[in-house]
Amino acid sequence: MIVAYNADEVIDMYLPRLRDLREDSDLTQRQVAEILGIDQRVYSTYETGKRDLPLQHLITLADFYHVTTDYLLGRI
């Protein structure tokens with residue numbers, strides 16, 4: 001069975017995980033932004049859902065935190 005998610009549902013699934021993983025690792029938004037090669041303000045928009053997280057950043061964060069992209073997306 002294929003489940004269709006709307007954009008708000010997807011955002012609600014991954015946003016808390018981004019913040020939780022960052023905080024559990026005792027990192028600031030600025031430090032995570034440096035890992036991604038972006039400005040802290042841009043990273044903040046990812047955590048707050050004001051901007052979609054690009055696929056390349058999703059993969060980088062999954063590798064950095066040693067989790068799967070499915071985990072970050074709230075699928076498991």
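Here are some questions and answers about this predicted model of a protein chain.

Q: How many helices and how many strands does the protein chain have?
A: Reading along the sequence, you meet the pattern α-α-α-α-α. The secondary structure of the protein chain therefore contains helices, as runs assigned by DSSP. The count comes to 5 helices and 0 strands.

Q: What radius of gyration does the protein chain have, and what would a compact globule with 76 residues have?
A: The C-alpha atoms fill a box of roughly 40 × 25 × 20 Å along the principal axes. For 76 residues, a compact globule would come out near 11 Å, and the chain agrees with this, since its own radius of gyration is 12 Å.

Q: What percentage of the residues of the protein chain count as buried?
A: A residue counts as buried when its relative accessible area is under 20%. R22, at 8%, is one that meets this, and H57, at 7%, is another. Of the 76 residues in the chain, the buried part is 28%.

Q: How much area does the protein chain expose, and what share do carbon and sulfur atoms supply?
A: The exposed area of the protein chain is about 5,200 Å². Carbon and sulfur atoms supply a share of 49%.

Q: How far apart are the mean positions of the positive and negative charges?
A: The protein chain has 8 positive and 13 negative charges. Taking the mean position of each set, the distance between the two is 5 Å.

Q: Which helices each supply at least two residues of the largest nonpolar core?
A: This core has 16 residues, and those with the most contacts inside it are L18, V32, Y43, L53, L61, Y65 and L72. The helices that each supply at least two residues of this core are α1 (7–24), α2 (29–36), α3 (40–48) and α4 (55–65).

Q: Which residues is V32 in contact with, leaving aside its neighbours within four places in sequence?
A: V32 is among the residues with the most contacts inside the largest nonpolar core. Contact here means heavy atoms within 4.5 Å. With the sequence neighbours left aside, the partners of V32 are R22, L27, Y43, L61 and Y65.

Q: Is R22 buried or exposed?
A: R22 sits in helix α1. Not counting residues up to four places away in sequence, R22 touches L27, T28, Q29, V32, Y43, E47 and Y65. Its relative accessible area is 8%, so R22 is buried.

Q: Is D26 buried or exposed?
A: You can find D26 in the loop between α1 and α2. D26 is not a glycine, although its phi is positive at about 55°. With a relative accessible area of 69%, D26 is exposed.

Q: In which loop does H66 lie?
A: H66 is a residue other than glycine with a positive phi, near 60°. At 72% relative accessibility, H66 counts as exposed. To find it, look in the loop between α4 and α5 (69–72).

Q: Which residues does H57 contact, leaving aside its neighbours within four places in sequence?
A: H57 lies in helix α4. Because its relative accessibility is 7%, H57 counts as buried. Leaving those neighbours aside, the residues in contact with H57 are L36, I38 and Y46.

Q: What distance separates the C-alpha atoms of T60 and L36?
A: T60 is in helix α4 and is partly exposed, with a relative accessible area of 32%. T60 touches I35 and L36, not counting residues up to four places away in sequence. Along the chain, T60 and L36 are 24 residues apart, and their C-alpha atoms are separated by 7.2 Å.

Q: How far apart in space are Y71 and Y14, C-alpha to C-alpha?
A: Y71 lies in helix α5 and, at 30% relative accessibility, counts as partly exposed. Not counting residues up to four places away in sequence, Y71 touches R17, L21 and I76. Y71 and Y14 are 57 residues apart in sequence, and their distance in space is 8.2 Å.

Q: How far apart in space are P16 and T48, C-alpha to C-alpha?
A: P16 is found in helix α1. Its relative accessible area is 39%, so P16 is partly exposed. In sequence P16 and T48 are 32 residues apart, while C-alpha to C-alpha their distance is 9.0 Å.

Methods
Residues numbered from 1 in each chain as written. Predicted model: local features only at pLDDT ≥ 70, side-chain atom pairs only at ≥ 80, totals over all residues. Heavy atoms only, no water. Helix = DSSP H or I, 4+ residues; strand = E, 2+ residues; numbered from the N terminus. Rg over C-alpha atoms; globule rule 2.2 N^0.38 Å. Buried < 20%, exposed > 50% of the residue type's maximum accessible area, 1.4 Å probe, protein only. Areas by Shrake-Rupley, 256 points an atom, 1.4 Å probe, with all protein chains shown as cover. Lys, Arg positive; Asp, Glu negative; His and termini not counted. Charge placed at Lys NZ, Arg CZ, Asp CG, Glu CD. Core = buried A, V, L, I, M, F, W, Y, C linked by side-chain atoms within 4.5 Å.
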